[in-house]
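Colleague: I should be grateful for a close look at a single part of this structure, covering its covalent cross-linking. Please then place that part beside the other elements that can be described with confidence.

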Amino acid sequence: MSCCAHLHLLIIGFLWLQPARAGSHSLRYFESTLSGPLPGVPQFSTVGYLDDAPISGYTSESRRAGPRAPWMERITAEDPQYWEDSTQILRGTEQVSKANVRTVMGRVNQTGGLHVVQVMYGCELRDDGSVGGFQQDAFDGHDFLSFDKDRQTYTAAMDAARITQDRWNSERSIAQYWKDYLEGRCIEYLKKYLKLGAERLQAVAPQTMVTRRKNGGRTFLTGYAYGFYPRDIEVKWVRNGVEMPWESSDILPNPDGTYQAQKTVEVQEGDDEKMYNYEVDHSGLPDTVSVMYEEKSPPMGVIIGGVIGALGGVALIAAVVWVVYKKTSGKSSYAAANQGPAPADC
C-alpha cells in the first residue's frame, strides 16, 4: 500500500471520528483487516468509540477484547461474561474478515501487495430523541459499499462491489438485521455506556500556552490547547482583533481519551508579538480564552518538553491507529449485541 493510500486512510479516520452534533451521542465501531503482515501493525483490529472516545478494542496480536477506557472495566459488574463473549465474537470476525480481504483483492485483480479493507458502522441518539445509523465499507481508502438504513438497501461505490450489493439486496434478512441492530441493540448499548461513563464523559476544559520559535529570521508563534474533552474545539490566532490565516493546525488524541490542539502563525515583520492572541473556544470553558506569548513565563519550558513530546508521540500513534482502525471487509451478518454485527462472506 502506498504512502498516499495511508494518508487517505488517515484522513478518512479523522473525518469519521468527528463528534456527533451538539446534544447528540454516538456509538461507532471501526474494524480493519490488512491483506498481509505490516511490522508494528496488527493484521486485524477493531475499536469501539462512544462519541469520540475509544472504549473497547481487539487486535489479532492480543486476540482478546478489552476496555480502552478505565470506566468500561465496570461493565462486568452487570455482565460478567461481557469481555469473554466479545472476544469469541471477534475471533470469528477476524477469520471471516481476512478471507474477505482476499475476495475483494480478487475482484479488483490484485494478487499481491499490501491492501486493506475497512468497515465503519454505528448509531446516533439525537437530542430530539430520534436515532440514526450507518454502515460503510472501503477498500484501500476508497468507498466500496454503503448501507441505507431507512431504505434497507446496499449501494456499490465501485464495480467490484456490485456482486456483494446484489447478493445482500436479494437476501432481505441481512438488511433487516442491520436496521434492527442500528435502531435497537446499538442504541440500547449506547445508553448503557453513556450511563456507565457519565462522570468521565463530562466536558474537560483545555489548558493553554503559547511558544515561539525563530527560523531564518522569521518568527513563528504556536498556540496549544491540551487535555480537553470532547474533541470539538475552535482555536485561532487574532492580530489586533482580526483573525489571522493559519499556518498549521492539528487536533490529536491523548492516551487518556483527552485531546490536544495546536495552531501556528507567522509574526509579520515589524510586529510586536504582543499584538497576537491565541483564542480558544471549548464547551468546557465558560468564555473564550485569549492567550499571548510571554517570554518570561517560568512554567512554559517545563510544560513544553512534555507537551511537544506527547504531541509527537501521539501523532505517530494516531497515524498508525487511523491507518489500521478503519479497514475491514465490507460485509454484514449476525453477532452479539455488545459488539455489533460481524462480517459475512462477500
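Modeller: Cys186 counts as buried, at 1% relative accessibility, in what is a predicted model. The threshold for that term is under 20% relative accessible area. Cys123 is likewise buried, with a relative accessible area of 2%. These two residues form a disulfide, and their sulfur atoms lie 2.1 Å apart, which satisfies the cut-off of within 2.5 Å. The structure holds 1 disulfide. Cys123 belongs to strand β5, residues 116-125, and Cys186 to helix α4, residues 172-196, so the bond ties together parts that are 63 residues apart in sequence. The torsion about the S-S bond of Cys123 and Cys186 is about -85 degrees, and the disulfide is therefore left-handed.

Between β5 and α4 in sequence lies a run of antiparallel strands. Strand β6 (residues 131-139) pairs with strand β7 (residues 142-148) in the antiparallel sense over 5 bridges. Within this pair, Gln136 stands opposite Ser146 of β7. β6 and β7 form a hairpin with 2 residues between them, and Asp140 in the turn has a positive phi of about 50 degrees. Strand β7 is also joined to strand β8 (residues 153-156) by 4 bridges, again with the strands running antiparallel. Here Ser146 stands opposite Thr155 in β8; Ser146 thus faces Gln136 in the one pairing and Thr155 in the other. The β7-β8 connection is a hairpin as well, with 4 residues between the strands, and Gln152 in the turn has a positive phi of about 55 degrees.

A positive phi also appears after a helix. Helix α2 (residues 82-107) is followed by Asn109, whose phi is positive, near 60 degrees. The length of α2 can be checked: at 1.5 Å a residue, its 26 residues should span 38 Å, and the end C-alpha atoms are 37 Å apart, which agrees.

Further along the chain, strand β10 (residues 218-228) pairs with β14 in the antiparallel sense over 9 bridges. Tyr226 stands opposite Gln260 of β14 in this arrangement. Strand β14 itself (residues 259-267) is mostly covered, with 8 of its 9 residues buried.

A separate set of 4 strands forms an open sheet with antiparallel pairing, in the order β12-β11-β15-β16. β12 (242-243) and β16 (289-291) are at the edges with a single partner strand each, so one side of each has no neighbour in the sheet. In the middle of that order, strand β11 (residues 233-239) and strand β15 (residues 276-282) pair in the antiparallel sense over 7 bridges. The bridge partner of Val235 in β15 is Val280.

Internal space completes the description. There are 2 cavities of 30 Å³ or more, and the largest has a volume of about 90 Å³. The residues lining the largest cavity divide into 8 nonpolar, 1 polar and 3 charged. Among them are Ile55, Pro70, Trp71, Leu201 and Tyr229, together with Arg68, Arg200, Asp256 and Gly257.

To return to the part requested: the disulfide joins Cys123 and Cys186, of which Cys123 has a relative accessible area of 2% and Cys186 is at 1%.

Methods
Residues numbered from 1 in each chain as written. Predicted model: local features only at pLDDT ≥ 70, side-chain atom pairs only at ≥ 80, totals over all residues. Heavy atoms only, no water. Expected span 1.5 Å × (residues − 1). Pairing = 2+ DSSP bridges. Buried < 20%, exposed > 50% of the residue type's maximum accessible area, 1.4 Å probe, protein only. 1 Å grid on protein atoms, 1.4 Å probe; cavity = no way out; pocket = protein on both sides within 12 Å on 5 of 7 lines; lining within 4 Å. Points joined across faces, edges and corners; volume = space filled by probe spheres on them. Nonpolar A, V, L, I, M, F, W, Y, C, P; charged D, E, K, R; others polar.
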